[in-house]
Amino acid sequence: MTTSRTSSTSITSSYTSASPSHAEPPKRERCPVCLRAAASCICRWIAPVSHAVDVLILQHPLEVHNAKGSARLLHLSLPNSQLLTGEQFATDTLAALLADKHNVLLYPETPGDRSLGIAPPPALDPVTLLDPARLRLVVLDATWRKSRKMLYLNPRLQQLPRLPLRDTPASHYLIRKAHAPDQLSTLEATCYALMQLEQDTPRFVPLIAAFDGFVAQQLSYVMPHAEKA
């Protein structure tokens with residue numbers, strides 16, 4: 001994951017010290033690992049899982065500090081994963097990220113893509129799925145609308161075959177409203193895809209269980225407010 005920092009020149013004067021109402025509020029301490037506020041750290045839910053398929057997570061900038069997002073927990077739990085933030089990526093950057101492996105995009109084949117200027121994906125060759133160690137799963141972490149925009153803005157992603165998920169259970173993602181019954185969180189969808197590609201369901205069950213703990217933690221912040229309403 002790349003992080004950019006911007007430097008700013010602070011202007012100090014007697015006016016600043018004499019006007020406490022204009023002083024910036026102290027920033028909340030953040031966990032350097034999960035990037036959450038220290039009081040709501042989710043590091044206890046990190047559940048490292050060995051996996052053969054590489055995972056590349058392309059995260060929309062609006063998801064970085066979204067408390068309901070699951071991509072950071074997913075990335076911290078998958079040793080062979082990369083997390084990159086952006087909406088539109090340089091062609092050479094994507095080319096480097098997608099080099100040396102068979103890439104499949106975890107994204108449904110959606111009707112109407114062509115009317116939006118999104119090219120139809122190539123067919124998925126089953127032969128490429130036979131060796132998980134030669135595979136890379138590309139995941140878009142964004143809302144449905146933003147993920148389609150990311151796809152539109154990155155023609156290189158449109159050239160990837162897509163992986164359809166089969167027989168997935170109902171989502172455990174109780175903290176975010178789904179627009180369709182079969183929609184899953186980024187973590188759930190990726191885990192089910194890895195189960196399918198590596199033909200090993202039990203190995204990824206602990207990560208789904210950890211996700212349940214993460215969801216329960218987020219719900220614990222919401223429920224007291226709902227009870228007061």
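Here are some friendly notes on the predicted model shown above.

1. **Overall layout.** This is a predicted model, and its protein chain contains seven helices and four strands. Going along the sequence, these elements come in the order α-β-α-β-α-β-β-α-α-α-α. Of the contacts in the protein chain with a separation of 6 or more, 79% are between residues 24 or more positions apart.

2. **Inside and outside.** The protein chain has 229 residues, and 40% of them are buried. About 13400 Å² of the protein chain is exposed, with 57% of that area supplied by carbon and sulfur atoms.

3. **The largest nonpolar core.** If you want a place to begin looking, try the largest nonpolar core, which has 34 residues. Leu106, Leu137, Leu187, Leu194 and Leu207 have the most contacts inside this core. Two or more residues each come from β1 (54-59), α2 (71-77), β3 (102-106), β4 (135-141), α6 (186-198) and α7 (205-228). Helix α6 gives the largest share, eight residues. Another core lies apart from this one; it has 16 residues, including Phe89, Leu94, Leu98 and Met150.

4. **Leu137 and its partners.** Which residues does Leu137 contact, leaving aside neighbours within four places in sequence? The list is Val53, Asp54, Val55, Leu56, Val104, Leu106, Leu163, Thr190, Ala193, Leu194 and Leu197. Two of these partners, Leu106 and Leu194, are also among the residues with the most contacts inside the largest nonpolar core.

5. **Helix α4.** The buried residues in α4 are Lys146, Ser147, Arg148, Met150, Leu151 and Leu153. Packing of the buried α4 residues is against β1, β3, β4 and α5 (155-158). One of them, Met150, also belongs to the core of 16 residues.

6. **An aromatic pair to look at.** The model has two aromatic pairs. In one of them, Tyr107 and Trp144 have ring centres 5.4 Å apart and planes at 10°, so this pair counts as stacked. Tyr107 sits in the loop between β3 and β4, while Trp144 belongs to helix α4 (residues 144-153). The pair therefore ties together parts that are 37 residues apart in sequence. As for exposure, Tyr107 is buried at a relative accessible area of 5%, whereas Trp144 is partly exposed at 33%.

7. **Thr186 in α6.** Thr186 belongs to helix α6. Is its residue position buried or exposed? Thr186 is buried, because its relative accessible area is 12% and the cut-off for buried is under 20%. The side chains of Thr186 and Asp141 are joined by a polar contact of 2.6 Å. Not counting residues up to four places away in sequence, Thr186 touches Ser70, Ala71, Leu74, Val139, Leu140 and Asp141.

8. **Cysteines.** Why does the structure hold zero disulfides, and what about Cys41 and Cys43? The closest cysteine sulfur to that of Cys41 is in Cys43, at 3.5 Å, and this is too far for a bond because a disulfide needs sulfur atoms within 2.5 Å. Cys41 is partly exposed, with a relative accessible area of 24%. Cys191, by contrast, is buried at 0% relative accessibility.

How values were computed:
Residues numbered from 1 in each chain as written. Predicted model: local features only at pLDDT ≥ 70, side-chain atom pairs only at ≥ 80, totals over all residues. Heavy atoms only, no water. Core = buried A, V, L, I, M, F, W, Y, C linked by side-chain atoms within 4.5 Å. Buried < 20%, exposed > 50% of the residue type's maximum accessible area, 1.4 Å probe, protein only. Contact = heavy atoms within 4.5 Å. Phe/Tyr/Trp six-rings, centres within 6.5 Å; stacked < 30°, edge-to-face > 60°. Areas by Shrake-Rupley, 256 points an atom, 1.4 Å probe, with all protein chains shown as cover. Polar contact = N/O pair within 3.5 Å; in protein donor to acceptor, adjacent residues only side chain to side chain.
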